[in-house]
Amino acid sequence: QAADALQQKLGRIGGVIVERKPFSVAVHYRLVGEEDVPMVLSEAALQTKTHPSLRMLAGKKVVELRPDTDWNKGKAVLALADRLGVPHEGIVYVGDDVTDEDAFEAIRGRGIGVAVMGEPRHTAAAYILRGEDAVGEFLEGLLLRLQRNENF
């Protein structure tokens, strides 16, 4: 219902993308004119009032409406690692948005959290890469060390 309402209210604004996900709705506004951004954010916030079972999480030029439950990317990463039998010290998590901070926090001091960012911001990640190109270099280097069975 929230996705339908957002599509109806925001669909006429150029650049808005309302993305239906299995358990959430993302409203992307990277391509929206600055004058329309307040309306996009206001309409998304209104949906959390209309649907109190939803909460809004802001990211990089995106807001996500998701169920207001005690679940996040950090808990998901740890649950997945447990299910796969991967020790938490073996987790490498690379993310580029504030929505990844829960995962960085969950593995801090155990796994490797890597934040990808153009502009500096506070992060719980242990490492920072400046841009997407650096991610490829990081992963290639990590793979090479793993193949050589080197310690970090």
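Two strands count as paired if DSSP finds at least two bridges between them. Strand S2 (residues 25–28) and S4 clear that bar with 4 bridges, and they pair in the antiparallel sense. Keep in mind that what you're looking at is a predicted model.

**The overall layout**

Let's step back to the whole chain. There are 5 helices and 7 strands, and from the N terminus on the elements go α-β-β-α-β-β-α-β-α-β-β-α. The C-alpha trace spans about 55 × 30 × 25 Å along its principal axes. Of the 152 residues, 38% count as buried.

**Around strand S4**

S4 (residues 62–67) is a good place to start, as it is mostly covered, with 5 of its 6 residues buried. In its pairing with S2, valine 27 stands opposite valine 63 of S4. S4 also pairs with strand S3 (residues 54–58), again in the antiparallel sense, over 5 bridges. In that pairing arginine 55 has arginine 66 of S4 as its bridge partner.

S3 and S4 form a hairpin with 3 residues between the strands. Which residue in this hairpin takes a positive phi? That would be lysine 61, with phi near 55°, a positive value in a residue other than glycine. Lysine 61 sits in the loop between S3 and S4. At 34% relative accessibility, lysine 61 counts as partly exposed.

**Strands S5 and S6**

Now over to the parallel pair. Strand S5 (residues 92–95) and S6 run parallel and are joined by 4 bridges. One of the residues to look for here is valine 94, whose bridge partner in S6 is valine 114. Strand S6 (residues 112–116) has 4 of its 5 residues buried, so it is largely enclosed by the rest of the structure. As a general point, side chains in a regular strand alternate between the two faces of the sheet.

**Salt bridges**

The structure holds 10 salt bridges. Here are some of them, with the N to O distance for each.

| Acidic residue | Basic residue | N to O distance |
|---|---|---|
| Aspartate 96 | Lysine 60 | 3.9 Å |
| Aspartate 100 | Lysine 73 | 3.0 Å |
| Glutamate 101 | Arginine 121 | 2.7 Å |

Take aspartate 96 and lysine 60, which form a salt bridge. This pair links distant parts of the chain, 36 residues apart: aspartate 96 is in the loop between S5 and H4, and lysine 60 is in the loop between S3 and S4. Aspartate 96 is partly exposed, with a relative accessible area of 35%, and lysine 60 counts as partly exposed too, at 38% relative accessibility.

The side chains of aspartate 100 and lysine 73 meet in a salt bridge as well. Here aspartate 100 is in the loop between S5 and H4 while lysine 73 is in helix H3, and the pair links distant parts of the chain, 27 residues apart. Is aspartate 100 buried or exposed? Aspartate 100 is buried, because its relative accessible area is 5% and buried means under 20%. Lysine 73, at 29% relative accessibility, counts as partly exposed.

Then there's glutamate 101 with arginine 121, whose side chains also meet in a salt bridge. Glutamate 101 lies in helix H4 and arginine 121 in the loop between S6 and strand S7 (127–129), so the pair ties together parts that are 20 residues apart in sequence. Glutamate 101 counts as buried at 16% relative accessibility, whereas arginine 121 counts as partly exposed at 24%. Elsewhere, Lys21, Glu64 and Arg66 are joined into one network by salt bridges that share partners.

**Out on the surface**

Two surface patches are worth a look. Leu80, Leu84 and Val86 make a nonpolar patch of about 270 Å². Leucine 84 lies in helix H3 (residues 73–84) and is exposed, with a relative accessible area of 59%.

The other patch is one of negative charge, where Glu132, Asp133, Glu137 and Glu140 gather. Glutamate 137 belongs to helix H5 (residues 132–147), and at 59% relative accessibility glutamate 137 counts as exposed.

**A last stop in H4**

Alanine 106 has its place in helix H4 (residues 101–107). At 16% relative accessibility, alanine 106 counts as buried. From alanine 106 to arginine 20 is 86 residues in sequence and 27 Å in space, C-alpha to C-alpha.

Methods
Residues numbered from 1 in each chain as written. Predicted model: local features only at pLDDT ≥ 70, side-chain atom pairs only at ≥ 80, totals over all residues. Heavy atoms only, no water. Patch = residues over 30% accessible without salt bridge, like charges linked within 9 Å, V, L, I, M, F, W, Y side chains within 5 Å. Areas by Shrake-Rupley, 256 points an atom, 1.4 Å probe, with all protein chains shown as cover. Salt bridge = Lys/Arg side-chain N within 4 Å of Asp/Glu carboxyl O. Lys, Arg positive; Asp, Glu negative; His and termini not counted. Charge placed at Lys NZ, Arg CZ, Asp CG, Glu CD. Helix = DSSP H or I, 4+ residues; strand = E, 2+ residues; numbered from the N terminus. Buried < 20%, exposed > 50% of the residue type's maximum accessible area, 1.4 Å probe, protein only.
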